[in-house]
Amino acid sequence: MNKGYQSKQPALRWQDALPLGNGENGLLVYGHVRDELLVFNHEHLWGKTHRPDMNDVPEEELTTCRQMLMDGKYADGAKYFEECLQRHIHGVTWPACYLPFCAVNIDTFTRTAYRKYRRGLDFRKGTFSVRWEEDGVQRGRSGFVSMADRITVIRMYGGFAGKISIRAHNAKGLSNMGASADRPGAKVPYEYEATNENGRLIYRGVSPDGVPFGAVAAVRTDGELRVVENELRLRPTEEAMLAVALWMGDEGEQSAIERAERAVAASYDELLERHTAVFTEAYDRCSVNIADTTDKTVDELLLDCMDDDPAPELIQHMADFGRYLLISSSRPGGWPANLQGVWNGDYSPAWQSDYHNDENIQMNYWAALPGNCRESILPLFDYYLSMMDDYRANAKTVFGCRGILVPLAQTTHGLLYSASSWTSWISAAGWLAQAFYDYWLFTGDRDFLQHKALPFLQETALFYEDFLFEGADGKYVFAPSLSPENEPVLTDPSQKHMICINAVMDVAVAKEVLTNLCDTYETLGICPAETAKYREMIAKLPEYRINADGAFAEWLWDGLGDNYHHRHVSHIYPLFPGFEITRTKNSQWMPALRTAVEKRLVIGLRAQTGWSLAHLANIYARLGDGRRALECLQLVCRACTGNNLFTYHNDCRSMGVTMFWGHGNRPPFQIDANFGFTAAVLEMLLFSIPGDIYLLPALPEAWVTGSFRGIRCRGGAEVSAAWNQDAGTICVELSADVPQTVRLLLPVPCRVVSGSAQPLDDTGTVFAVSLDDTVQKLEFCKI
């Protein structure tokens, strides 16, 4: 099956370009026949860092704020809280923004008008292609950002003559959200120069924080090459190859010169073979096949969405694309994928292209572990562990607590970026802690559990020890508390505000952190007294509620009503992304959870975004509702997907599906929905908790036949399967890193046709299967 896509049109904006990357470097290829534009990114090039001056908020001021909240004066309490912060914390500003690195232009001499134009990506190889015909001759370019050699390689074939130049990227057009710094002629926010030395193009700059950086471009050609100022001019030749090496900081320019020279001394095929050996191995560990691909381009598939539901082929492309983007944007030793992965063409990108800790960064990595790409999530852990001193300072400054307080958004440091209501949100650290513990569940890496997951869990739990206080009923109270980014319904509208008491998400995250910490202590055989203390804290947490509408309540405090008109579904956390509630554990809450989600999607459809629809698809997968999960994915395709398959915050066309920012305001590209889309497809095909594997838990009727390979499970198992709903058959292969017996839960009653699986009840849906490192093959047939 072809893994990739083709388009019949080039990009007019960087948001529509072809994305490639090796984690460290990003490349955006416009695909123009004549004046090709290549925009480069480097994961460490950010804007000016501003660290706030923080002084501790006095305890009595926090006590006053809490009393105002307890008295139902939420808006007044929020205003007082903000005034307290502003008295004691100065110099706060948005995090430093992610910046474009440089741009390369390839001005190609053309003879006649083009025909049969195509541009596209090969997901398995991590390569791009731009091709066309002139007078029956196939011409074009292909290339990649090498995983092996830290070099970008571009091959120009079919007869090439033209000019190659390097410069700062000249971002044109209104940026996302209309930021003025990206209007035509906007000043590049750092010093730079472009020149030539010894037949190479040299680009040098100094970041707003004073860090030197640059690029070196070299060409291999059999034809004549001349260097004129900032241009390499090539006489006609059958083929030429461009190599571009980026550098930053202490690495120095010489290292980039050496990498570029080594590249042009090798052949394109040699460089490609080294790159694909790394990229393809990572990509091929897991695959999903739910539709056959045809000759249709993504342009045609997207246009078809205006007439009917998106084709399964488009869903297939999107699922594959998310894994491709993850491998391309997040590699060990680097930084995690930001709000735009590793790609950006604006000097003032939306939300700084930062790390948003209240949904977006977590969604970026939901597919990493089940998608058999465990190394891609390692930068997430390294990045947040490197900021622990800043997080401790936040906790002490705002709440006088030990432990850590992770801000809602950050980039080059982890201190507070705002002295506002957003500072009251306490659950970022706990939500991030889930990824740490999940890595242990998926991999069984005991060293990671002890030296990375445990310290993060301990610091997060320490904050809860100091932050929580007992109410009149003996239960803990979370105040201030915030359910991102929603406001409750109040009888007194004048007091309506995000800051309130006992948001369900805060409670659920705290319960998860404390539970996982206790389980970690018991796994490692340490700290029995601490374990007992935290078990007692868990017992004192507020209990979940069902509201008058029969929906899972978003706040656990009298007088706080649910507001369904919102894109966030934070209170569904115990079901997803957590798994405190499943169809076989604490299942009494499932009907209320379903009601809460349905009200968000139906009543609040016009409040949705691309990422929120992806989130809802994952939730419906956990609910076992494949039809609804697929509908959410289809809405992402119809409303929030560009012609290069990048996802957008919302629909700019006012078609009634998502929120609308007004005519003329283009919504920003956000990569989270790309990743969340892939995660939802994996969740629909397989869900796991230690000891239980749910096979095809949310398989929609539209996916009549299909297969997947290499999906990983919590507990260390790996599963491949194929199904045919018309024939009523399921074939599955399972293995495990360590010997274990698991419960295999099937979507419909089945009998065992072959293999060793023991029924555990008379439903025909639950079987015991013993696993080890050999492949266990099973075949089931619907009863």
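How many salt bridges does a search of the whole structure find? The search finds 53. The model is predicted, and the views below pick out some of its details.

**View 1. R200 and E261 form a salt bridge between distant parts of the chain.** Their side chains meet with N and O 3.2 Å apart. R200 belongs to strand 13 (residues 200-206), while E261 belongs to helix 3 (residues 253-265). In the chain, 61 residues separate the pair. R200 counts as buried because its relative accessibility is 12%, below the 20% cut-off. E261, at 32%, counts as partly exposed.

**View 2. R628 and E631 pair within helix 16.** The closest N and O atoms of this salt bridge are 2.9 Å apart. Helix 16 covers residues 626-639. The two residues are three apart in it, so about one helical turn separates them. R628 is buried, at 15% relative accessibility. E631 is partly exposed, at 25%.

**View 3. R139 and E134 meet in a salt bridge.** The N to O distance is 2.9 Å. Are these two residues buried or exposed? Both are buried.

**View 4. Five residues share a network of salt bridges.** The linked residues are R402, E465, D466, E530 and K533.

**View 5. Six strands build an open sheet.** Their order is 17-24-25-26-31-28, and the pairing is antiparallel. Strand 17 (287-289) and strand 28 (750-754) stand at the edges. Each has a single partner strand, so one side of each lacks a neighbour in the sheet. From one strand to the next, the twist averages 20°. Inside this order, strand 25 (residues 717-724) runs antiparallel to strand 26 (residues 729-736). Eight bridges join these two strands. In one of the bridges, E718 has S735 of strand 26 as its partner.

**View 6. N22 sits in a loop and is buried.** The loop lies between strand 2 (18-21) and strand 3 (25-29). N22 has a relative accessible area of 7%, which means it is buried, under the 20% cut-off. Which backbone atom lies 3.0 Å from a polar atom of the N22 side chain? It is the backbone oxygen of S146.

**View 7. L303, M306 and M655 make a nonpolar surface patch.** The patch has an area of about 330 Å². L303 is found in helix 5, which spans residues 298-304. L303 is exposed because its relative accessible area is 59%, over the 50% cut-off.

Methods
Residues numbered from 1 in each chain as written. Predicted model: local features only at pLDDT ≥ 70, side-chain atom pairs only at ≥ 80, totals over all residues. Heavy atoms only, no water. Patch = residues over 30% accessible without salt bridge, like charges linked within 9 Å, V, L, I, M, F, W, Y side chains within 5 Å. Areas by Shrake-Rupley, 256 points an atom, 1.4 Å probe, with all protein chains shown as cover. Salt bridge = Lys/Arg side-chain N within 4 Å of Asp/Glu carboxyl O. Helix = DSSP H or I, 4+ residues; strand = E, 2+ residues; numbered from the N terminus. Buried < 20%, exposed > 50% of the residue type's maximum accessible area, 1.4 Å probe, protein only. Pairing = 2+ DSSP bridges. Axes fitted to C-alpha atoms, helices over the stretch in contact; angles between N-to-C directions. Polar contact = N/O pair within 3.5 Å; in protein donor to acceptor, adjacent residues only side chain to side chain.
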